[in-house]
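Please open the model in your viewer and keep a selection panel at hand. The tour below proceeds by selections, each followed by what is to be found there.

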Amino acid sequence: MKVKKNNFTENEISEALKIYNYFIENSFSNFEEKKLSKSTFNILLKKIKKNKLPFILGIKYNKVIGLAFVNKFREKSGYRFSYEHSIYVNPDFINSGYGNKILKELLKICKKIAKIKNLIAVIGGKNNVASIKIHKKNGFHYIGTIKKVGFKKNKWVDSIYMQKRL
């Protein structure tokens with residue numbers, strides 16, 4: 001697997017969006033309730049680039065097998081050194097170790113960005129065992145659970161918070 005950091009093709013963006021939307025529709029790991037349009041996804045990508053934060057794609061067999069990005073944790077200035085990240089793996093490649101590889105690459109990039117002192121994982125649902133496992137494996141520590149903070153598909157969902165100091 002190679003990691004691509006910039007200059008994505010239209011096809012790569014479409015594949016990344018397809019993965020992202022899969023998790024909106026089929027899981028509680030993303031608290032969005034409606035699929036994103038390509039233009040909305042491009043706005044997210046541009047915002048991340050404008051803030052000089054990483055957005056990466058895992059590529060194998062000339063296909064996007066996963067994506068990860070970093071965004072502000074909160075908008076208030078006191079949180080300026082803390083960032084939240086997201087990782088999504090193509091459902092055809094889940095449990096193949098690619099989520100872990102993508103997270104490792106994201107961490108390498110984040111360590112080179114001076115303003116990122118904390119990375120926060122906000123994991124949707126206590127049943128998201130794979131995500132919890134790869135975060136522990138990469139040095140994230142369990143901080144706490146906010147019970148029933150999200151509401152999706154007529155169900156209340158917890159958020160598990162994990163943190164890594166860089």
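Does N154 count as buried or exposed? Select this residue to begin, bearing in mind that the model is a predicted one: at 72% relative accessibility, N154 counts as exposed. The residue sits in the loop that joins strand 6 (141-152) to strand 7, and its phi is near 60 degrees, a positive value in a residue other than glycine. As background, most residues other than glycine have a negative phi.

**Y61**

Move next to the loop between strand 2 and strand 3, where Y61 is located. Y61 is likewise not a glycine, and its phi is positive, at about 55 degrees. With a relative accessible area of 61%, Y61 is exposed, because the cut-off for that class is over 50%.

**Helix 2 and what follows**

Now select residues 38-50, which form helix 2; these 13 residues reach 18 Å from the first C-alpha to the last, close to the 18 Å expected at 1.5 Å a residue. Colour F41, N42, L44, L45 and I48, the buried residues of this helix. Looking down the axis of helix 2, you will find that these buried residues fall within an arc of 155 degrees, so they line one face of the helix. On the face turned away from that buried side are the exposed residues I43, K46 and K50. To see what covers the buried residues of helix 2, add helix 1 (10-26), strand 2 (55-60) and strand 3 (63-72), which are among the elements included in that cover.

Continue past the end of the helix to N51, in the loop between helix 2 and strand 2. N51 has a relative accessibility of 19% and therefore counts as buried, the limit being under 20%. Leaving aside neighbours within four places in sequence, the residues in contact with N51 are K72 and K115. Also just after helix 2 is K52, which takes a positive phi of about 55 degrees.

**N90**

Which residues does N90 contact, once neighbours within four places in sequence are set aside? Select N90 in the loop between strand 4 (82-89) and helix 3 (98-111), and then show I19, K63, V64, I65 and G66, with which N90 is in contact on that basis. N90 is a buried residue, its relative accessible area being 7%.

**Helix 4**

Select residues 129-137 for helix 4, and within this range mark S131, I132, I134 and H135, which are its buried residues. Displaying strand 4, helix 3, strand 5 (118-124) and strand 7 (155-165) will show the elements against which the buried residues of helix 4 pack. Beyond the helix comes G139, whose phi is positive, near 90 degrees.

**K117**

Go on to K117, in the loop between helix 3 and strand 5. K117 is partly exposed, with a relative accessible area of 35%. A distance drawn from its C-alpha to that of S82 spans 6.0 Å, although the two residues are 35 residues apart in sequence. Not counting residues up to four places away in sequence, K117 touches F81, K164, R165 and L166.

**I143**

One of the residues in K117's contact list, K164, also serves as a reference point for the next selection: the C-alpha atoms of I143 and K164 are separated by 9.9 Å, and the two lie 21 residues apart along the chain. I143 belongs to strand 6 and is exposed, with a relative accessible area of 51%. When residues up to four places away in sequence are not counted, I143 touches Y161, M162 and Q163.

**The largest pocket**

For the last stop, centre the view on S29, N30, Y88, G124 and N128. The largest pocket has a volume of about 1400 Å³, and of the 50 residues that line this pocket, the five just named, S29, N30, Y88, G124 and N128, are the closest to its centre. If you colour the lining by class, you should find 22 nonpolar, 19 polar and nine charged residues.

How values were computed: Residues are numbered from 1 along each chain as its sequence is written. This is a predicted model: local features need pLDDT of at least 70, side-chain atom pairs count only at pLDDT 80 or more; totals for chains, interfaces and linings use all residues. Side-chain values use heavy atoms; hydrogens and water are left out. On a 1 Å grid over the protein atoms alone, a cavity is a set of points where a 1.4 Å probe fits but cannot get out, and a pocket is an open set with protein on both sides within 12 Å along at least five of seven lines; lining residues have an atom within 4 Å of a point. Grid points are joined across faces, edges and corners, and a volume is the space filled by probe spheres set on the points. Ala, Val, Leu, Ile, Met, Phe, Trp, Tyr, Cys and Pro count as nonpolar, Asp, Glu, Lys and Arg as charged, and the others, Gly among them, as polar. Helices (H or I, at least four residues) and strands (E, at least two) are DSSP runs, numbered from the N terminus. The expected span of a helix is 1.5 Å times one less than its number of residues. Buried means under 20% relative accessible area, exposed over 50%, partly exposed in between (1.4 Å probe, protein chains only). The arc is that of the directions from the helix axis to the C-beta atoms. Contact means heavy atoms within 4.5 Å.
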